[in-house]
Amino acid sequence: MASDLEQLCSHVNEKIGNIKKTLSLRNCGQEPTLKTILNKIGDEIIVVNELLNKLELEIQYQEQTNISLKELCESLEEDYKDVKHLEENIPSHLPPVTVTQSFEKVSDADSEEPLKVEEPAPIKKPPKEQRSIKEMPFITCDEFNGIPAYMKSRLTYCKINEVIKEINKAVISKYKIVHQPKKSMNSVARNLYHRFMDEETKDTKGHYFIVEADIKEFTTLKVDKKFHVFLNILRHCRRLSEVRGGGLTRYVIT
C-alpha cells in the first residue's frame, strides 16, 4: 500500500513539474529578448527541414543513378561477351592480312627495311548498292538528365535506350522489306509491303516511319500505357514526331 502511494505521489509530482516547465517556457516566450531567440530557432528548424528534404531527394537520385549504372555495366558486359565471341569466331573465308619483315646486311651499317603489308584481294562490290536505313540515335546522359522528372518517373537511362533499340529493329525490318525486290518476296513479305504502301502519306514521303502494328510485328515490346510514356520522352528528346491521318498514328524518325 505504501509503495502504491509513493508511486502515485511521484507521478503527481512529475506532472506538476511538467506543468511548471510549460508555464516557465510560456513566460519565456512573452519576453521580447527570448521571443526573438525562439523565432530564430523556429526559422532554423524550417531551414534544417528543407535541407533534410533536399538530402532525401538527392539520396533517391543517387540510388536511381546507381541502378542505371548497374544496368549499363550489365549491358557492357554482354557487349564485351559478344565482341569476344566474334573475335574468337572470325570467319575463315575473310582474306588474311599478313605482315612480313626482312633485314639486309650492309657493309657500313645494318639497315632495316620498312614493314611490308600484303594487301587483301579486292572485295567484289555487290551488284546493287544497299540502301542505308535511318535509325534513331540513342539518348545521351545529358539528354536523360534534362527530361522532366514527372515525365520519366522511375524509367532509367538504360530502359529508354532499350526501347530505342527495339524501335530501330522494327524500322530496319520494315524497310528491308520495302527495299526488297518484289520478285524475291514471299507471300508474307508481299502482304506487309502492301500494308506499308497503304500507310504512306504525302507527309511521310521521303521519311522513315513505323506504326504500332510494326512494333507488334517485329519486336517484343508491348504497346500499352508504359510504351506511350516512352514515346512522350522520345518526342521530348526530338527523336520522333507524329503524323496522324486515316485513324492511324505514324511515328516518324527525326
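I take two strands as paired if DSSP finds at least two bridges between them. The model I am reading is predicted.

**Entry 1, the sheet**

I looked up the strand order and found an open sheet of three strands, β5-β7-β6, with antiparallel pairing. I noted β5 and β6 as the edge strands, since each pairs on one side only.

I then went through the partners of β7, residues 248–253. Strand β5, which spans residues 209–210, pairs with β7 in the antiparallel sense over two bridges. In this pairing I find Ile210 opposite Tyr251 of β7.

On the β6 side I asked how many bridges join β6 to β7. I counted six, with β6 (residues 240–245) running antiparallel to β7. Leu240 stands opposite Ile253 of β7.

I also checked the connection between these two strands. β6 and β7 form a hairpin with two residues between them. Gly246 sits in the turn, and I recorded a positive phi of about 65° for Gly246.

Is β7 mostly covered or mostly open? I found five of its six residues buried, so I wrote "mostly covered", with buried meaning under 20% relative accessible area. As a reminder to myself, side chains in a regular strand alternate between the two faces of the sheet.

**Entry 2, the negative patch**

I turned to charge on the surface. Glu74, Glu77, Glu78, Asp79, Asp82 and Glu162 gather there in a patch of negative charge. Which helix gives the most to this patch? I found that helix α2, residues 32–88, does, with five residues.

I picked Glu78 for a closer look and placed Glu78 in helix α2. I list Glu78 as exposed because its relative accessibility is 52% and the cut-off for exposed is over 50%.

**Entry 3, the nonpolar patch**

I next looked for nonpolar side chains on the surface. Leu5, Leu8, Val12 and Ile16 make a nonpolar patch of about 340 Å².

I checked Val12 in this patch and placed Val12 in helix α1, residues 2–30. Is Val12 buried, exposed or partly exposed? I list Val12 as partly exposed because its relative accessibility is 39%, and partly exposed covers the range between under 20% and over 50%.

Note on methods: Residues numbered from 1 in each chain as written. Predicted model: local features only at pLDDT ≥ 70, side-chain atom pairs only at ≥ 80, totals over all residues. Heavy atoms only, no water. Buried < 20%, exposed > 50% of the residue type's maximum accessible area, 1.4 Å probe, protein only. Helix = DSSP H or I, 4+ residues; strand = E, 2+ residues; numbered from the N terminus. Patch = residues over 30% accessible without salt bridge, like charges linked within 9 Å, V, L, I, M, F, W, Y side chains within 5 Å. Areas by Shrake-Rupley, 256 points an atom, 1.4 Å probe, with all protein chains shown as cover. Salt bridge = Lys/Arg side-chain N within 4 Å of Asp/Glu carboxyl O. Lys, Arg positive; Asp, Glu negative; His and termini not counted. Charge placed at Lys NZ, Arg CZ, Asp CG, Glu CD.
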